[in-house]
Amino acid sequence: MTDLGPLVPRQRDMHPVPYDPDYKTSVPRSPKWPLLSMESTPSEETGPRFGHGVIGPLDNNLMLNFATDGSPAIGERILVHGQVLDEFARPVPNTLIEIWQANAGGRYRHIKDTYLAPLDPNFGGCGRTLTDDQGRYQFLTIRPGAYPWPNRGNEWRPMHIHFSVFGHSFGQRLITQMYFEGDPLIARCPIAATIKNRSQLDRLVAPLDMPMARPLDFLAYKFDIVLRGRRQTMFENRLEGL
Amino acid sequence: MPQHLSNLTETASQTGGPYVHIGCIPSFAGIEGVYPQDLGLSPIQPGALGQQITITGQVIDGTGWALRDALIESWQPDSAGRFAGQPGADPAVSGFCRFAADKDSGEFCLTTVKPGAVPARTGQMQAPHISLWIAARGINVGLHTRIYFEDEDNSADPLLARIEQRNRVSTLIARKTGEGAYRFDIRLQGEGETVFLDI
């Protein structure tokens, strides 16, 4: 009876501004001309699917998935969990989430990161998982450190974890960052401040979730993610001549 | 007061940052051993039907400088216009690829098969194209665009037809440089700025 319709157009004012002089790198990398708006087509409504076959047993455990000498990564042990929903509050099951982050000292394991904080030999900094049939996911990791970066004179990133989410449509593709409740650097961060809608930024801040913390083991933070939805009605007419 | 809508708002995007590779292409960042291999290494496997093609290019900023830290994802159907998972789709075409601008030259390279045509929702046929999504430091919301091909008939494509400034259409069309070889540069800003999509 119902047809899975086109993707709901993105509300651009709920996203960061592309051009923000306070985030200097956005200045030469932001398109000046307006985007071309069009109804989605199968090219955007379909997307890659990933099966459980690609996910290894430790892929969502960053404490252990790079444990070269067998010891867990150094840092404050945390569980990061949440649910992926669409704009109509429908769970998004079996979708790939990838995360990456700095280690507890604020250093990334990347050929181009030269920050003087040391690498942790047992921390790689990447993880991935598929959401379950209710769109839920979990990662076990360590809390990343804040770190300095070149922008204005004395710039520091708040503690954050990068999230990449696929959804089921190429047009749903999203990369975002999760911040931590109570971090005073969030309010000073020009990257966070590219989001001009205050409640949209607040939604990137994961609250401490004590009921999910495991005594004598790890703290927990909850981070829910909402992807674009697809309209679902009986009336998805084919518009001719547009 | 009217009734309350229970719809949710999409989570705000944030830049992938300079180390986007750690999460998406760990081997590029120098991380080996977490996963057996990077995801999306190739959109095709041996035996994929259709014409094999290679597309090279750069992602260029408003000053003319090629990005060394861009991440690109591509998504396409098989040579008959069927996406992976659809009935009859070529099992050797996953259609998804991830590639990075080279850290020294900024060049990227995509080897795939030329996609078949896919209809729009109107039923109108779209010209063959590959969808792209670009993430990088300084890009706050990932950018969607498309690669069309110089040696295909693009005259009736509904998306290209919507571009008012006809001189911008060519920014979405890969230039043929040899048999099965194309050049497609992506200009984020400035002269010849690529048409990016809100789709």
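Visitor: Let's start with a loop: between which two strands of chain A does A:Ala89 lie?
Guide: This is a predicted model, so we're reading a prediction here. On chain A, the loop that holds A:Ala89 runs between strand E3 (77–86) and E4.

Visitor: Is A:Ala89 buried or exposed?
Guide: Counting neighbours settles this one, since a residue with 12 or fewer other C-beta atoms within 10 Å is exposed. A:Ala89 has 11 C-beta neighbours inside 10 Å, so A:Ala89 counts as exposed.

Visitor: What is the phi of A:Ala89?
Guide: Most residues other than glycine have a negative phi. A:Ala89 isn't a glycine, yet its phi is positive, at about 65°.

Visitor: Which residue in the loop between strand E11 (205–206) and strand E12 (219–222) of chain A has a positive phi?
Guide: The residue in question isn't a glycine, and its phi is about 65°. With 5 other C-beta atoms within 10 Å, that residue is exposed. In the loop between E11 and E12 of chain A, look for A:Leu216.

Visitor: Which strands sit at the edges of the open five-stranded sheet in chain A?
Guide: The order of that sheet is E5-E4-E9-E10-E11 (chain A), with mixed pairing. An edge strand pairs on one side only, and in chain A that goes for strand E5 (126–130) and E11.

Visitor: Which residue of E5(A) stands opposite A:Leu96?
Guide: E4(A) and E5(A) pair over five bridges, in the antiparallel sense. Across from A:Leu96, in E5(A), you'll find A:Leu130.

Visitor: Over to chain B: how many residues of strand E6 are buried?
Guide: In a regular strand the side chains alternate between the two faces of the sheet. From E6(B), B:Leu143, B:Thr145, B:Ile147 and B:Phe149 point one way, while B:His144, B:Arg146 and B:Tyr148 point the other, and all are buried. For strand E6 (residues 143–149) of chain B, the count is seven of seven.

Visitor: Which residue of E7(B) stands opposite B:Phe149?
Guide: E6(B) has an antiparallel partner in strand E5 (residues 130–135) of chain B, joined by five bridges. With strand E7 (residues 173–178) of chain B, E6(B) pairs in the parallel sense over two bridges. There, B:Phe149 faces B:Ala174.

Visitor: Which two residues touch the most other members of the largest nonpolar core?
Guide: That core has 98 residues. One of the two touches B:Val59, B:Ala100, B:Ala101, B:Ile134 and B:Ala136, leaving aside residues up to four places away in sequence: that's B:Ala70. The other stands opposite B:Leu143 in E6(B). The pair is B:Ala70 and B:Ile134.

Visitor: Which element supplies the largest share of the side of chain A that touches chain B?
Guide: Chain A puts 75 residues into the contact, and chain B puts in 63 residues. Several elements of chain A each supply at least two residues, among them helix H1 (26–29), strand E9 (160–165) and helix H3 (198–202). The largest share is four residues, and it comes from E10(A).

Visitor: Which residue of chain B stands opposite A:Leu36?
Guide: Strands pair across the two chains here: two bridges join E2(A) to strand E10 (residues 197–198) of chain B, running parallel. In E10(B), the residue facing A:Leu36 is B:Leu197.

Visitor: What ipTM does the predictor give the complex?
Guide: For chain B, the mean pLDDT is 97, and 100% of its residues reach 70 or more. For the complex, the predictor gives a pTM of 0.97 and an ipTM of 0.97.

Key:
Residues are numbered from 1 along each chain as its sequence is written. Chains are lettered from A and ligands numbered from 1 in the order in which they are written. This is a predicted model: local features need pLDDT of at least 70, side-chain atom pairs count only at pLDDT 80 or more; totals for chains, interfaces and linings use all residues. A nonpolar core is a set of buried Ala, Val, Leu, Ile, Met, Phe, Trp, Tyr and Cys residues joined through C-beta atoms within 7 Å. A residue is buried if 20 or more other C-beta atoms lie within 10 Å of its own, exposed if 12 or fewer, and partly exposed in between; C-beta atoms are placed from the backbone. Two residues are in contact if their C-beta atoms, placed from the backbone, lie within 7 Å. Two strands pair if DSSP finds at least two bridges between them. pLDDT is the predictor's confidence in each residue, from 0 to 100.
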